[in-house]
Amino acid sequence: MKNLLITGGAGFIGSNFIRHILQLKPDVFITNLDALTYAGNLVNLSDLPDSANYEFVHGNINDTKLLKTIFNDKKIDTVVNFAAESHVDRSILNPAAFVETNILGTYSLLNVAHEAWKHRMNSVGGEEFRFHHISTDEVYGSLQPDDTPFNEYSRYDPRSPYSASKASSDHLVRAYHHTYHLPITITNCSNNYGPYQHPEKFIPMMIINAIQGKRLPIYGDGLQVRDWIHVSDHCEAIYRVLLNGLNGATYNLGSGSEHTNLEIAGLICDTLDTLLPNSVGESRQKLLQHIPDRPGHDRRYAMDITFVKENLGWQPAISLTDGIMQTVKWYLEHIHWIEEITKNADFSRWVQLNYDGRDERTI
Ligand code: NAD
Ligand code: DAU
């Protein structure tokens, strides 16, 4: 791994991953290709140390011509594909963008990577090449309370336009491996949280609204279960897979810590009450408000991480209580970042839809 192409590096996980790599492998050259959609923002990378080994390129993974230039000029030997439309609620409102980026964009990236890899094989010994695809636990569908967690052999059963588009991209990546022998790995990870996560997502939404004394919208009964992992644990797992992952393998990643949305919202309120008691000493839990459920809402996700533990020695290091404490502190210390990310009209419209526009949101 000498010349790394990171797509979607101005988003939540991608920006954390760039920081992770710059710390651990300062000798690697990173090209960050990002279209800067509503979810991508260079403010997420504004604290990067000055490095001659980092370059940002504003562009789209569907732009084949641009991709060819990057692969050629930067002699890319490793791709980490984070670029995606990532929000389930938005996929219910506008599936087209998800097909465009998650399916067609991954396809276009695979094609150019495949050509570049063949070219390298003929010239400089291209066995040192990897296409790593970032995916999600949602491709496996929804678990019942008594089901065992998903493992790498679980059947794909995506149920939202988002998860269907991610499942499709996973299949394409595996197809390029089986058909053309392109060296690939895939990681399917559970719900991430931590610094720089877009406020449309559950944990930042709860933290930011609670700081501002606004309502905390809980979809349905709030008893849906997620397996929350701190983003830095996810980044370390991806790094280990890049270094030692088996060609063609899929690794399931998660924390092994399952919680209902109500438990998470309660923990955030209690953490904030400890760090910043409100003026009248009331618990922020009174801000919780049940609103109509997400259409097709998956009830439970959970990951079996035995394979990655046994083969790569990775396991999550940050407990949920420590991670939430760190994350709440981070948002309290980054009020300017919150203002920057939430100031655009798209976000205000989105929040309004979340509260009042359930019909419009489900079109
Ligand atoms: P995000 O929405 O915060 O960031 C996505 C980034 O991709 C943004 O910077 C955006 O500008 C960029 N992008 C979107 N379309 C693009 C295009 N066509 N060309 C180039 N760049 C484009 O998402 P995230 O939460 O950081 O997720 C990153 C990846 O991880 C996604 O593939 C997602 O499916 C996957 N994932 C996320 C989670 C999670 O909990 N957030 C869990 C598992 C897997
Ligand atoms: O599981 C991995 C996936 O996690 C990733 O692949 C996705 O990119 C990521 O967005 C996330 O999907 P979820 O739909 O699980 O995350 P979200 O933060 O949107 O919601 C988490 C849970 O909280 C879910 O059950 C819906 C609920 N929720 C969400 C919001 C935004 C609420 O109750 N209220 C809210 O306002």
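The following exercises, each with a worked solution, concern a predicted model of a protein with two ligands.

**Exercise 1. The surroundings of ligand 1**

Determine how many residues surround ligand 1, which polar atoms approach the ligand, and what share of its accessible area the protein covers.

Solution.

Step 1. Begin with the shell. Ligand 1 is surrounded by 28 residues, and the closest are I13, D34, S86, Y162 and K166.

Step 2. Sort the shell by residue type. It holds 13 nonpolar, 13 polar and two charged residues.

Step 3. Assign the shell to secondary structure. At least two residues come from each of α1 (12-24), β5 and α5. Strand β5 makes the greatest contribution, three residues.

Step 4. Examine the polar contacts. A polar atom in the side chain of D34 is 2.6 Å from an oxygen atom of ligand 1. A polar backbone atom of T37 lies 3.1 Å from an oxygen atom of the ligand. The side chain of N60 places a polar atom 2.9 Å from a nitrogen atom of ligand 1.

Step 5. Consider the cover. On its own, ligand 1 has 830 Å² of accessible area, of which the protein covers 97%.

**Exercise 2. The surroundings of ligand 2**

Describe the shell of ligand 2 by residue type, and identify the strand that supplies its largest share.

Solution.

Step 1. Identify the shell. It consists of 23 residues, with D137, Y162, N191, R294 and H297 as the closest.

Step 2. Classify these residues. Eight are nonpolar, nine are polar and six are charged.

Step 3. Locate the main contributor. Strand β8 (residues 216-219) provides three residues, the largest share of the shell.

Step 4. List polar contacts made by the backbone. A backbone N or O atom of P217 is 2.8 Å from a nitrogen atom of ligand 2. For Y219, a polar backbone atom lies 2.9 Å from an oxygen atom of the ligand.

Step 5. Add a side-chain contact. H297 has a polar side-chain atom 2.7 Å from an oxygen atom of ligand 2.

Step 6. Consider the cover. The accessible area of ligand 2 on its own is 690 Å², and the protein covers 94% of it.

**Exercise 3. Salt bridges between separate parts of the chain**

Explain why the salt bridge between D298 and R159 ties together separate parts of the chain, then examine the pairs E258 with R300 and D273 with R284.

Solution.

Step 1. Recall the principle. Side chains of opposite charge can pair when their charged atoms come close.

Step 2. Establish the total. The whole structure contains 13 salt bridges.

Step 3. Take D298 and R159. Their side chains meet with an N to O distance of 2.6 Å. D298 belongs to the loop between β13 (288-291) and α9 (306-312), whereas R159 belongs to the loop between β5 (130-136) and α5 (161-180); the pair therefore ties together parts 139 residues apart in sequence.

Step 4. Compare the exposure of these partners. D298 has a relative accessibility of 4% and is therefore buried, the cut-off being under 20%. R159, at 45%, is partly exposed.

Step 5. Take E258 and R300. The closest N and O atoms of this salt bridge are 2.7 Å apart. E258 lies in strand β12 (residues 258-260) and R300 in the loop between β13 and α9, so that distant parts of the chain, 42 residues apart, are linked. E258 is partly exposed at 32% relative accessible area, whereas R300 is buried at 8%.

Step 6. Take D273 and R284. This salt bridge has an N to O distance of 3.1 Å. Because D273 is in helix α8 (residues 261-275) and R284 in the loop between α8 and β13, the pair ties together parts eleven residues apart in sequence. Both partners are buried.

Step 7. Note the shared partners. R90, E200 and K201 are joined into one network by salt bridges.

**Exercise 4. Two residues in contrasting settings**

Establish whether Q197 is buried or exposed, and state which residues join Y107 in a nonpolar surface patch.

Solution.

Step 1. Place Q197. This residue is in the loop between β7 (192-193) and α6 (202-211).

Step 2. Judge its exposure. With a relative accessible area of 7%, Q197 is buried.

Step 3. Find a polar partner. A polar atom of the Q197 side chain lies 3.3 Å from the backbone oxygen of N192.

Step 4. Turn to Y107. Y107 is part of helix α4 (residues 95-123) and is partly exposed, with a relative accessible area of 38%.

Step 5. Complete the patch. V99 and L104 join Y107 in a nonpolar surface patch of about 250 Å².

Technical notes
Residues are numbered from 1 along each chain as its sequence is written. Chains are lettered from A and ligands numbered from 1 in the order in which they are written. This is a predicted model: local features need pLDDT of at least 70, side-chain atom pairs count only at pLDDT 80 or more; totals for chains, interfaces and linings use all residues. Side-chain values use heavy atoms; hydrogens and water are left out. Patches are made of residues with over 30% relative accessible area and no salt bridge: like charges are joined within 9 Å, nonpolar side chains (Val, Leu, Ile, Met, Phe, Trp, Tyr) within 5 Å. Accessible areas come from the Shrake-Rupley method with a 1.4 Å probe; for residues, only the protein chains shown count as cover. A salt bridge is a side-chain nitrogen of Lys or Arg within 4 Å of a carboxyl oxygen of Asp or Glu. Helices (H or I, at least four residues) and strands (E, at least two) are DSSP runs, numbered from the N terminus. Buried means under 20% relative accessible area, exposed over 50%, partly exposed in between (1.4 Å probe, protein chains only). A residue is near a molecule or strand if one of its heavy atoms lies within 4 Å of it. A polar contact is a pair of N or O atoms within 3.5 Å; within protein, one must be able to donate a hydrogen and the other to accept it, and residues adjacent in sequence count only if both atoms are side-chain atoms. Ala, Val, Leu, Ile, Met, Phe, Trp, Tyr, Cys and Pro count as nonpolar, Asp, Glu, Lys and Arg as charged, and the others, Gly among them, as polar.
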